[in-house]
Amino acid sequence: MSHTLRASRTAVLVCQGRAAADGLIAPGRFADPTAMPLLRPTERAAVQWVRDGAVPRQWQQRVDYETVRANAELIVPRTVAIDDAIRAHPSPQLVILGAGLDGRAWRMPELAGVTVFEVDQPATQQDKRDRAEGLPGTPPTFVPVDFGRDRLAEALAASGHRADRATTWVWEGVVPYLTTAEVAATATALAACSAPDSRLIVNFQAPGTSTTLGRVLARLLMASTGRSSVWAKEPWRSTWTPTAMAALLHQHGYAVTRDENLFDTARALATPMRHPRSLGHSRVMVADRV
Ligand SMILES: C[S@@+](CC[C@H](N)C(=O)[O-])C[C@H]1O[C@@H](n2cnc3c(N)ncnc32)[C@H](O)[C@@H]1O
């Protein structure tokens, strides 16, 4: 979604997934009480249907219900894998790249005392700031950056990020929306301000026919309700094999310490899996700066 003036709709979708799952899927391992408050009232209806298990009869509502339910199943293992990697390696700074409606800054008690920065495309970030006004807790430092256009390292430095102190970077649900060149440029930029002992947690999509077909189907379903598809404006632009992603990170001084696919994570958590193949193509890789 490079160079857009509109707030990201995929950020709303994943937030709806977190709100639908909160307290219901993998209780004890997953919770996100910030998700529902971050949604607008009209965005909460489909979340409530999923929470209540109330399958709507009307087609348009049914498509919304299925979309939110699928997102809830994807987002729980993804969140757990990333939260675990953050907790396991405390850093004085956390930078969330393409933060969308991520509530971690407010949600995670482990981040008390950590300087949290949220980087996002300006329109999405402004929308987040409006929505987050009532959230209890300390807000992060907001840094508006478009990865396809702006200079990440300079923008962070101007907002108080210290390149001489370790940083944990969270790059969740963003890589598919960037071109290969934008991903590489962002890796170069973050590596330039990664002190020793920094950690990078990156979620990306491995290539796979079933995932592509799944997205085509999701687009067709949305089109059948007469509304424009979220993914028409925010198409996937790059997929990465684990080998290619590890090579990119290695090139920037990061050594991979963990790489998991979300099918395995979901199975370990015993969470529902109606789309096991698409879970299997979504990966979370953890790499540490040596
Ligand atoms: C699917 S949302 C994920 C949001 C969040 N990380 C999460 O997992 O809840 C994709 C996010 O990537 C951001 N994004 C996409 N392209 C971007 C770009 N070129 N520059 C900055 N942010 C971008 C969007 O604004 C949006 O917040």
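This tour goes from the ligand and its surroundings to two helix contacts.

The model is predicted, so that local features require pLDDT of at least 70 and side-chain atom pairs count only at pLDDT 80 or more, whereas totals for chains, interfaces and linings use all residues. Residues are numbered from 1 along each chain as its sequence is written, and side-chain values use heavy atoms, with hydrogens and water left out.

**The ligand**

Select the ligand and the 23 residues that surround it, a residue being near if one of its heavy atoms lies within 4 Å; the closest are R78, G98, D120, F147 and E172. By class, this shell holds nine nonpolar, nine polar and five charged residues, where Ala, Val, Leu, Ile, Met, Phe, Trp, Tyr, Cys and Pro count as nonpolar, Asp, Glu, Lys and Arg as charged, and the others, Gly among them, as polar.

Next, show the polar contacts, which are pairs of N or O atoms within 3.5 Å. A nitrogen atom of the ligand lies 2.8 Å from a polar backbone atom of G98, a nitrogen atom of the ligand is 3.0 Å from a side-chain N or O atom of D146, and an oxygen atom of the ligand is 2.9 Å from a polar side-chain atom of R18. The protein covers 99% of the 590 Å² of accessible area that the ligand has on its own, as computed by the Shrake-Rupley method with a 1.4 Å probe.

**Helix α1 against α4**

Now select helix α1 (residues 10-21), which gives the most to the ligand shell, with four residues; helices are DSSP runs of H or I with at least four residues, numbered from the N terminus. The axes of α1 and α4, lines fitted to C-alpha atoms over the stretch in contact, with angles from 0 to 180 degrees between N-to-C directions, come within 7 Å and cross at roughly 80°. The two helices are therefore roughly perpendicular, a term for angles of 65 to 115 degrees.

**Helix α3 against α4**

Finally, select α3 (residues 41-52) and α4 (residues 59-87), whose axes come within 9 Å and cross at roughly 70°. In this pair, A46, V47, W49 and V50 of α3 meet Q61, D64, Y65, V68 and R69 of α4, contact meaning heavy atoms within 4.5 Å.

Terms used: Polar contact = N/O pair within 3.5 Å; in protein donor to acceptor, adjacent residues only side chain to side chain. Parallel < 35°, antiparallel > 145°, perpendicular 65-115°, else oblique.
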